[in-house]
Amino acid sequence: MQRIGVFVCHCGSNIAATVDVKAVAEAAKHESGVVFSADYQYMCSESGQDLIKDMIKEHKLTGIVVCSCSPRMHENTFCKAAAAGGLNPYMVEIANIREQCSWIHKDMPSATAKAIVLVRSAIAKVTLNAPLTAGTSPVTKRALVIGGGIAGIQTALDIADAGFEVDIVEKEPTIGGKMAQIDKTFPTLDCAACILTPKMVEAAQNDKIRIFSYSEVSAVKGFVGNFTVTIKRKARYVKEDLCTGCGLCTEKCPQKKVPNEFNLGLDNRRAIYIPFAQAIPKIATIDPDYCTMLKSGKCGVCSKVCSAGAIDYQAKDEFIDVNYGAIVAATGFNPIKVDKYDEFAYAQSPDVVTSLEYERLMNAAGPTGGTLLRPSDRTHPHTIVFVQCVGSRESEDSTKCGKSYCSKICCMYTAKHAMLTREKYPDTDVYVFYIDVRTPGKSFDEFYRRAVEQYGVHYIKGMVGKVTPEGGKLKVQASDLIAGKQLHIDADMVVLAAAIEPDKTARPLATLLTASMDTNDFFTEAHPKLRPVESPTAGVFLSGACQGPKDIPETVAQAGAAASKVIGLLAKDHLVCNPCVANANEMLCSGCSQCEKVCPYGAITYSYKEFRMPDRTTKLRLVASVNAAVCQGCGACTVTCPSGAMDLKGFSNKQIMAEVDAICK
Amino acid sequence: MIYSYFPGCTLKNKAIDLDIYARRSAELLGITLEELPEWQCCGGVYPLAKDKIATKLSSVRALAASRDAGHDLVTLCSACHNVLKQVNNDMRTDEYIRSRANNYMAPDAEYNGEINVIHYLELLRDTVGFENIKKKVVKPFTGRKIGAYYGCLLLRPGKVMQMDDPENPKILEDFIRAIGGEPVIYAQRNECCGGYATVEDKAYAASRAGKVVDNAAACGADMLITACPLCLYNLNKSNAENKLPVVYFTELLAEALGLKEENDV
Amino acid sequence: MSENNICREDILRISGVDTRKCMRCGKCSATCPAYDEMEYHPHQFVNMVENGDIEALVESPSLFKCLSCFACIDRCPRQVEPAKLVEAVRSACIRRQGHNHLSADAIPAILDPDIPQQALVSAFRKYSE
């Protein structure tokens with residue numbers, strides 16, 4: 001017979017103002033098996049925990065129920081207290097009478113009645129609890145970083161600095177990401193390449209870091225500390241170990257009309273290419289969509305000019321399996337496509353560009369060599385209109401289905417573009433149409449004010465409503481809400497601050513990692529305030545804009561934080577496993593293999609076992625077995641099993657039914 | 001292929017060209033348009049006020065009649081299309097309007113938006129196919145620079161009309177290509193012509209339409225096509241020196257298919 | 001209170017618009033083709049209805065300048081649909097006895113031989129009850 005203790009927490013007034021805690025404690029006394037029941041102001045306080053320890057000893061308790069906040073908050077606290085009192089920590093149950101009761105009810109009698117039901121149900125469960133012992137599993141001391149932008153590079157450098165091996169998987173032929181495309185950085189206006197490329201070189205030269213460029217994650221198995229990841233190394237048709245990066249092939253390739261993605265299609269590259277001068281690794285890649293040799297077997301120029309013999313038209317995608325202890329998602333962002341916003345005439349005029357395209361038009365390594373020329377006729381623009389919030393801050397029911405969030409970085413980069421334009425070309429009139437100017441960062445508002453006061457950028461509260469290309473000009477129709485006017489500006493260029501969104505690879509990756517995402521496809525963090533760089537999936541960490549819009553300093557800070565969490569994990573030799581895992585009753589198992597199919601962790605295997613039959617013969621039967629080190633205790637198998645052979649330790653079918661019965665009593 | 005057809009009042013009178021060329025072309029393209037018996041005026045404008053039920057009833061009647069005939073309903077005039085399509089959407093999605101309208105009419109069978117309202121252009125694109133039209137063209141408009149004028153009503157509200165991208169449409173441009181012409185894209189093609197404002201303020205409507213015509217001309221168009229009698233009227237009024245001829249798209253279709261006769265106009 | 005007590009709630013009910021969704025970006029007034037003809041502009045309709053400032057709107061000639069082109073409806077990032085407010089105020093205005101904006105007597109004077117029937121029907125729907 002169990003001897004159960006019940007502890008009802010006031011949580012100050014959080015619970016006690018709505019739930020009659022004394023009545024709850026009193027009601028619990030009458031439940032079968034309960035030998036002690038009391039209320040207390042703060043169970044999580046040290047004296048509250050001491051009460052648990054003391055009562056376990058005094059009343060020889062075999063199980064306890066704490067009626068308090070969500071188990072996500074303090075289950076761990078109370079389990080530790082119970083263990084200190086000599087009780088198996090799995091003999092503790094939490095009745096959540098705060099989030100699920102006092103916080104959502106107003107009326108005390110009904111809240112109290114509900115709290116009593118919740119307590120009764122927890123008592124029914126703990127009566128059937130059995131002591132469990134957690135095992136341990138070893139930790140593979142290597143981390144994987146998915147994405148080689150500034151977030152991924154910084155995370156990898158910090159992990160390597162702590163002495164652990166780390167691999168970067170980057171889908172493009174080079175690392176560097178979006179920051180490599182940026183000209184200057186706000187609010188200090190230092191050159192993005194000048195601060196990024198040393199980090200790229202550092203990553204390449206660090207012997208703890210391996211870079212798998214032009215590669216993708218294609219499968220993930222295992223669990224925290226013990227992931228096995230299949231990396232697809234896409235065929236680049238150039239042998240990485242032989243290519244010297246001389247670039248001769250990229251000059252001789254006859255296929256000259258390939259849109260250059262590094263310059264966002266504003267100029268062309270060859271079918272064999274190195275994305276930019278400081279690319280890492282500096283190795284050529286053949287674009288199979290455009291290479292005439294790969295498409296029709298005729299050409300072979302690059303192979304002829306390559307003195308290193310690095311060209312390999314026969315190359316195939318390769319798949320390698322690598323073990324990791326931790327995985328960091330750093331998949332970054334992209335500007336949205338603005339084709340739904342053609343009231344701004346992006347599809348109609350080459351002189352309407354996105355901000356990232358403008359960035360390339362200002363960059364010395366860009367398509368115009370750093371001279372600002374408008375794309376249509378390569379003349380200097382004299383009037384430029386910037387439009388903020390294109391596709392950001394839209395309601396979910398809006399016609400264009402834009403993003404409901406603020407993209408965060410646009411106000412600052414637009415101020416930067418406006419300022420740099422006025423500085424280089426003082427004869428240019430620059431207008432910025434804004435809804436709000438959001439500059440909550442260190443030295444950010446000062447920067448924006450400088451654009452207005454020192455550089456004479458015209459900031460206009462209002463939105464652009466229509467852009468009409470006519471006679472070599474862009475006729476901009478907009479509202480000036482302060483002046484109460486509709487403005488008509490003949491502009492030479494219009495620059496759209498397109499909303500940013502998570503990279504398209506993030507969603508399939510989240511599925512592989514079983515990591516959760518929000519409706520915008522940003523990765524969700526384990527706790528929005530207290531665990532911002534961890535995914536709710538153990539062993540998966542988040543770095544950079546894949547978790548939400550971020551500027552460079554925030555990205556770097558988060559990248560470092562993710563690295564420190566990874567280091568904390570890899571520093572351990574063993575991890576304590578969750579003992580609440582599934583186990584199969586072989587006598588009941590019919591071998592149907594349905595549990596194997598639903599298991600998201602690959603923890604269930606089937607094998608033939610010999611069974612003695614009643615007539616003393618033996619029979620071979622296919623039965624399920626669970627790898628306790630891999631099982632995460634999700635319970636999918638227990639509800640799938642048609643014969644009731646699967647059960648979850650600590651959450652057995654019997655326990656769940658007892659809880660339900662107690663509620664319905 | 002048989003469809004019910006709602007011509008609308010203007011197509012029986014001032015805009016008779018829009019109608020006859022459409023019917024003639026449809027026949028050649030294997031489409032049978034059966035004019036709804038006893039159709040009534042759609043009202044010209046969709047009633048935006050939520051409490052207006054009575055002004056939607058003529059549309060509901062046309063929709064129900066089409067349903068009873070067993071065909072989807074084809075429209076041609078942009079205004080009729082806009083009204084009928086929006087009312088049809090109300091009958092599908094808005095319980096308040098649906099129940100009120102059905103109660104008013106007390107029809108044998110309640111109408112719940114069962115049929116689709118299809119614009120003649122959508123018929124050309126989705127059922128006939130512009131490629132097939134191209135094959136049947138005998139007098140192509142080769143070298144003609146034609147500006148498509150959409151106006152407001154074919155495209156907006158985009159969520160309901162769903163004919164094309166309301167900001168960057170291409171259905172009329174594809175049509176122009178199909179009849180051998182060269183489409184001229186100009187930004188004012190989906191801005192208002194001045195609409196019904198012309199009834200009380202001609203100068204106001206003319207200034208609106210003028211912006212459209214000027215933009216099209218500046219972009220190199222040498223003629224404009226439209227699907228709306230009121231657009232045609234406003235564009236022509238603001239276009240006194242006849243800088244750009246404005247015609248119905250069906251007239252060009254018939255001409256390209258060799259169906260326009262000398263004495264037609 | 002205006003004549004016949006047209007109030008904010010009437011306008012919200014007739015239009016079905018939730019003015020609180022507006023984020024004051026002004027895109028409706030930026031895209032409005034009737035802007036120059038109007039005394040109160042689309043974004044002001046939203047703001048004035050929200051503030052219950054209905055009387056000024058009911059008396060304003062702006063009501064009859066909206067072209068119902070749906071541009072503000074389609075381009076509004078918050079799906080506020082300002083044109084529905086203009087229509088609601090206009091409806092409330094002309095529903096009052098003797099407030100029709102257009103009467104049949106006025107038609108012969110403005111008729112020209114080319115004007116399509118559609119224009120007259122639409123104008124009557126918009127300007128009169």
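A disulfide is a pair of cysteine sulfur atoms within 2.5 Å. Keep that cut-off at hand for the first exercise.

The model is predicted, so local features need pLDDT of at least 70 and side-chain atom pairs count only at pLDDT 80 or more, while totals for chains, interfaces and linings use all residues. Residues are numbered from 1 along each chain as its sequence is written, chains are lettered from A and ligands numbered from 1 in the order in which they are written, and side-chain values use heavy atoms, with hydrogens and water left out.

**Exercise 1. Cysteines**

Find how many disulfides the whole structure has, and examine the cysteines Cys77(B) and Cys7(C).

Solution.
- Step 1: Searching over all chains gives one disulfide.
- Step 2: The partners are Cys191(A) and Cys194(A), with sulfur atoms 2.4 Å apart.
- Step 3: Look along the S-S bond: the angle is 85°, and the link of Cys191(A) and Cys194(A) is right-handed.
- Step 4: Check accessibility (buried is under 20% relative accessible area, exposed over 50%, partly exposed in between, with a 1.4 Å probe and protein chains only). Cys191(A) has 25% and is therefore partly exposed.
- Step 5: Turn to Cys77(B). The closest cysteine sulfur, in Cys80(B), is 3.8 Å away, so the two are too far apart for a bond. Cys77(B) is buried, at 2%.
- Step 6: Cys7(C) is in no disulfide either, and its nearest cysteine sulfur, in Cys93(C), lies 15 Å away.

**Exercise 2. The interface of chains B and C**

Describe the contact between chain B and chain C, beginning with residue numbers and ending with the make-up of the chain B side.

Solution.
- Step 1: Count contacts (heavy atoms within 4.5 Å). On chain B there are 48 residues touching 45 residues of chain C.
- Step 2: Take the buried area (accessible area, 1.4 Å probe, lost by two parts on being put together, summed over both). The two chains bury about 3,900 Å², 56% of it on carbon and sulfur atoms.
- Step 3: Apply the salt bridge rule (a side-chain nitrogen of Lys or Arg within 4 Å of a carboxyl oxygen of Asp or Glu). Eight salt bridges cross this interface; one of them joins Asp112(C) to Lys237(B), at 3.8 Å from N to O.
- Step 4: Sort the chain B side by class (Ala, Val, Leu, Ile, Met, Phe, Trp, Tyr, Cys and Pro are nonpolar, Asp, Glu, Lys and Arg charged, the others, Gly among them, polar). The side of chain B that touches chain C has 24 nonpolar, eleven polar and 13 charged residues.

**Exercise 3. Salt bridges elsewhere**

Which residues pair with Lys141(A), Lys400(A) and Lys260(B) in salt bridges?

Solution.
- Step 1: Over all chains, the search returns 73 salt bridges.
- Step 2: Lys141(A) meets Asp573(A) at 3.1 Å, N to O. These residues are 432 residues apart and link distant parts of the chain. Lys141(A) is partly exposed, at 31%.
- Step 3: Lys400(A) pairs with Glu167(B), the closest N and O atoms being 3.3 Å apart. Lys400(A) is buried at 7%, and Glu167(B) is buried at 2%.
- Step 4: Widen the view around that pair. Glu343(A), Lys400(A), Lys466(A), Glu167(B), Glu191(B), Lys27(C) and Arg75(C) are linked in a network of salt bridges.
- Step 5: Lys260(B) finds its partner in Glu255(B), with 3.6 Å between the closest N and O atoms. Lys260(B) is partly exposed, at 27%.

Terms used
Helix = DSSP H or I, 4+ residues; strand = E, 2+ residues; numbered from the N terminus.
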